[in-house]
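The following exercises ask the student to read positions and contacts from a structure. Please examine the sequence and the model before working through each solution.

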Amino acid sequence: MSLQNLFEIRREVTKRTRLTLALVSWTLVVTAWFFLTRWKILPPFSVPPPAGVVEAFIRLWTEYDLPGNVAQSWWRIAQAFFWSAVVAIPLGLLMASFGWLHDLVNPVAAPMRSMPITAFLPAFIGLFGMEEGMKIAFLWFGMFFYLLAVVVEEANKVDNALIETALTLGAKRRHVLWLMFRASFPGIFGSFRILYDIGWTYVILAEMVNARKGVGYMVEAARKVLDLDRVYAGIIAIGFAAFLFRWLLTLAEHWLFPWRRPSVMLSQPAVAMAVAKGHKRAKP
């Protein structure tokens with residue numbers, strides 16, 4: 001890719017170029033990290049050197065059951081996600097269908113999306129105690145209102161002509177609701193990746209409270225003994241786990257809804273050539 005092409009607006013980037021740029025960006029981050037700790041620019045008790053973090057990552061895998069902790073955190077997120085979807089998808093479809101229900105629920109739901117969920121943690125401890133139920137409920141609360149807003153938005157995008165056609169053909173109310181669900185579900189499914197990111201963000205906080213397993217517990221246990229190498233290794237492990245599940249959801253979306261894949265944009269010269277060929281063929 002030439003220097004001129006780098007600054008061409010909306011130019012398609014090849015897969016090889018994307019991979020190269022990703023490697024360059026992470027190389028710069030790790031290199032800066034190495035020299036900042038090597039030259040002791042940063043306090044030694046705040047950022048450990050990369051070599052120590054790599055060694056701690058190996059210890060997390062061999063001594064502290066890293067796969068088991070990741071699996072436990074994922075299971076908590078999955079449970080909260082399931083119950084969020086069970087409640088938010090039907091409620092969101094009904095809110096998009098009936099204006100009075102939207103005006104009844106939205107004044108409460110909309111402000112909740114702006115509230116810092118961390119402030120609700122003491123309330124959830126008081127309501128559900130400090131065991132597993134509290135963690136699931138806390139994660140559910142963090143996911144539900146975001147998913148509800150997405151469901152309402154995607155359901156509102158369903159073309160009215162589609163609904164009117166169904167009604168004209170004799171569809172009943174339940175049939176129209178099912179039609180709206182099927183039309184909006186690809187967009188709803190696309191939001192699941194962001195929802196899982198939210199879950200991985202909040203599960204760390206939930207697992208710092210009376211947990212005996214999970215990535216949040218793993219990081220908190222290392223912090224209590226001031227093992228910063230293990231803390232940073234745990235943070236990196238969380239990033240890998242979140243990225244892996246996000247990638248799996250992306251693959252599932254491409255498999256279930258192949259028509260939603262972004263089409264490759266033709267460059268302007270290619271479009272011009274195609275149009276010119278069409279004109280030549282159209283001449284008598």
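**Exercise 1.** Determine whether phenylalanine 81 is buried or exposed, and describe its surroundings.

*Solution.* The model is predicted.
Step 1. Phenylalanine 81 has a relative accessible area of 13%. Buried means under 20%, so phenylalanine 81 is buried.
Step 2. Phenylalanine 81 belongs to helix α4, which covers residues 66-97.
Step 3. When residues up to four places away in sequence are not counted, phenylalanine 81 touches Met143, Phe192, Leu195 and Tyr196.
Step 4. The C-alpha atom of phenylalanine 81 is separated by 9.7 Å from that of glycine 142, although these residues are 61 residues apart along the chain.

**Exercise 2.** Classify threonine 37 as buried or exposed, and identify its contacts.

*Solution.*
Step 1. Threonine 37 is part of helix α2.
Step 2. Its relative accessibility is 15%. As the limit for buried is under 20%, threonine 37 therefore counts as buried.
Step 3. The side chain of threonine 37 reaches the backbone oxygen of phenylalanine 34 at 2.9 Å.
Step 4. With neighbours within four places in sequence left aside, threonine 37 is in contact with Val47, Pro48, Pro49 and Pro50.

**Exercise 3.** Characterise the lining of the largest pocket.

*Solution.*
Step 1. The volume of the largest pocket is about 430 Å³.
Step 2. Its lining includes Trp26, Trp33, Pro50, Phe57 and Gly239.
Step 3. Helices α2 (15-38), α3 (50-62) and α12 (228-256) each supply at least two lining residues.
Step 4. By residue type, the lining comprises 10 nonpolar residues, 1 polar and no charged.

Technical notes:
Residues numbered from 1 in each chain as written. Predicted model: local features only at pLDDT ≥ 70, side-chain atom pairs only at ≥ 80, totals over all residues. Heavy atoms only, no water. Helix = DSSP H or I, 4+ residues; strand = E, 2+ residues; numbered from the N terminus. Buried < 20%, exposed > 50% of the residue type's maximum accessible area, 1.4 Å probe, protein only. Contact = heavy atoms within 4.5 Å. 1 Å grid on protein atoms, 1.4 Å probe; cavity = no way out; pocket = protein on both sides within 12 Å on 5 of 7 lines; lining within 4 Å. Points joined across faces, edges and corners; volume = space filled by probe spheres on them. Nonpolar A, V, L, I, M, F, W, Y, C, P; charged D, E, K, R; others polar. Polar contact = N/O pair within 3.5 Å; in protein donor to acceptor, adjacent residues only side chain to side chain.
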